[in-house]
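Student: Could you take me through one part of this model slowly, and tell me how its residues sit within the chain? I would like to follow a single helix closely.

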Amino acid sequence: MSNASKITSGGHSGQPDALPARAKAAPKGTSSIYRAVWRWHFYAGLLILPFMIMMAITGAAYIYRDEIDDWVYSDLKFVTQMDVPPLPMSTQIDAVRYFVGDTPVKIIPPASPDRSTEIVIATSGGDKRAVYVDPYTGLVLGSMPDRGTVMWLIRRIHSLAEFGTIPNYIIEIASGWSILLVATGMYLWWPQANQKGGVVTLRDTPKRRRWWRDAHAVTGIFIGLFIVFMAGTGMFWSVFWGKYANEFANGTPNGYPSGVRVDVPLSTVPMIEAFGDTGWTTENMPVPLSVDGGPLATGTTAAALTQTQPQPQPQTRIGIDTAIARFTELGIAPGYAISLPKGETGVYSASVYPNDLDQQRVIHLDQYSGRTLINMGYHDYGIFGRIMELGINIHMGQEFGVLNQIFLLVICALIVFMSVSAGVMWWKRRPAGSIGIPPLPRNARSMTIVAAILAIGGIIYPTVGASMIVIWLLDWLFVARPARAMRTA
């Protein structure tokens, strides 16, 4: 500003535009909007960067869940392949009943000849255990709690579900804020005219704060869209938003087909309860009912069956061996899980969610007649269901095989680096004895304008919107208001 004053006071009539030119060239960091965006960016980072580091590390590990679990539990998951056919599944179940004595509820036949059979049992104590059986000898190899693997624990830590429902909400908030963090970061990164360095290159050395600023900004601009993608697709598992997104999708044929809800008698038990781990689109799809092979009115529910229909008399059931033969005949991909019938109206349900979405499948069989009640694959989903399943498959490192895994591993590593660089940059910038909150905008309305723009994200993700209100109130009460009071005193 002092240089501009000298120009105007010197009477250089040949340069009447000197002041506007200088004003336009002023660093954008001095503008109220820039400071408001910077302030929101700082608060977003302060809130979620620790969670982003945690999610990146656990997510990187979970990409290789099958490889890690196979290595850790190789004594349970692998057997010596023999030159004889595997024992019938009913014989393997009898072996588990003999050695363990509890009720089987789910079976995962071997996906390859060198793997064991996994039979999940419901114990008398009310919990479930996964028992591993040699399919050639019927020998029980050992057991562990169902979903008791290292990688299942990593998955639960990744979502904070391991620590209860409230921490699980925190991850939902962190995922939404990461999208706002990318949006504000892109604004802060946006280069000025004639800017040299700091756009796609790094200035100075790691000893200087500017190097860390550039490293943070350049990394963020390259992976920002991938962060948005990972956060957006991850939200489909969230406690609040994911639940209502699933209900919206499957309340119409945009999720699973409407015929699934009306063409066969349905129970009130959702797939997620029957299997424990299903595709996002089908997790709330109700499991159908066995009705002894006889016809029932379209849309009959479990309640209606109990009230208006005679219960099916005990008759010959097809049995697990016939059910497996039927699933094989229908072409389900290896690696599928079978949920066994529960009660007189239960069904044999098989589902598989492999790397190749085209092979994703859910099949339900009547336990008496063996007829197919539902046989649904990826291409039977509505448009919303297909888009979401594709996004989730990529998020989990499945759809494009090893390339998908390597790419996501690099993204996770860069997220950790970007988060650490933000911390280093803040540490080098902050004044001694201060938290180093970015300066208040000169125009107080700028914070309101930026908050109103960010509120769009808060409307899409209500838990994020609620957290934004809390942060805004805390900033106004304990930072902005006291600072303005000191300036006017």
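**A close look at helix H18**

Tutor: In this predicted model, buried residues make up 45% of the 489 residues in the chain, and the chain holds 18 helices and 10 strands. The part to look at closely is helix H18, which covers residues 462-488 and includes Trp472; Ser467 has its place in helix H18 as well.

Take Ser467 to begin with. Its relative accessible area is 12%, so Ser467 is buried, given that buried means under 20%. When residues up to four places away in sequence are not counted, Ser467 touches Ile173 and Trp177. For the chain as a whole, among contacts between residues at least 6 apart in sequence, 63% join residues at least 24 apart.

Now turn to Trp472. This residue has a relative accessible area of 34% and is therefore partly exposed, because that class lies between the 20% limit for buried and the 50% limit for exposed. Trp472 also helps to make a nonpolar surface patch of about 790 Å², together with Ile469, Val470, Leu473, Leu474, Trp476, Leu477 and Phe478. As a background to that figure, the accessible surface of the chain comes to about 24600 Å², and 63% of this surface belongs to carbon and sulfur atoms.

To put the two residues side by side, helix H18 holds Ser467, which is buried, and Trp472, which is partly exposed.

Notes:
Residues numbered from 1 in each chain as written. Predicted model: local features only at pLDDT ≥ 70, side-chain atom pairs only at ≥ 80, totals over all residues. Heavy atoms only, no water. Patch = residues over 30% accessible without salt bridge, like charges linked within 9 Å, V, L, I, M, F, W, Y side chains within 5 Å. Areas by Shrake-Rupley, 256 points an atom, 1.4 Å probe, with all protein chains shown as cover. Salt bridge = Lys/Arg side-chain N within 4 Å of Asp/Glu carboxyl O. Helix = DSSP H or I, 4+ residues; strand = E, 2+ residues; numbered from the N terminus. Buried < 20%, exposed > 50% of the residue type's maximum accessible area, 1.4 Å probe, protein only. Contact = heavy atoms within 4.5 Å.
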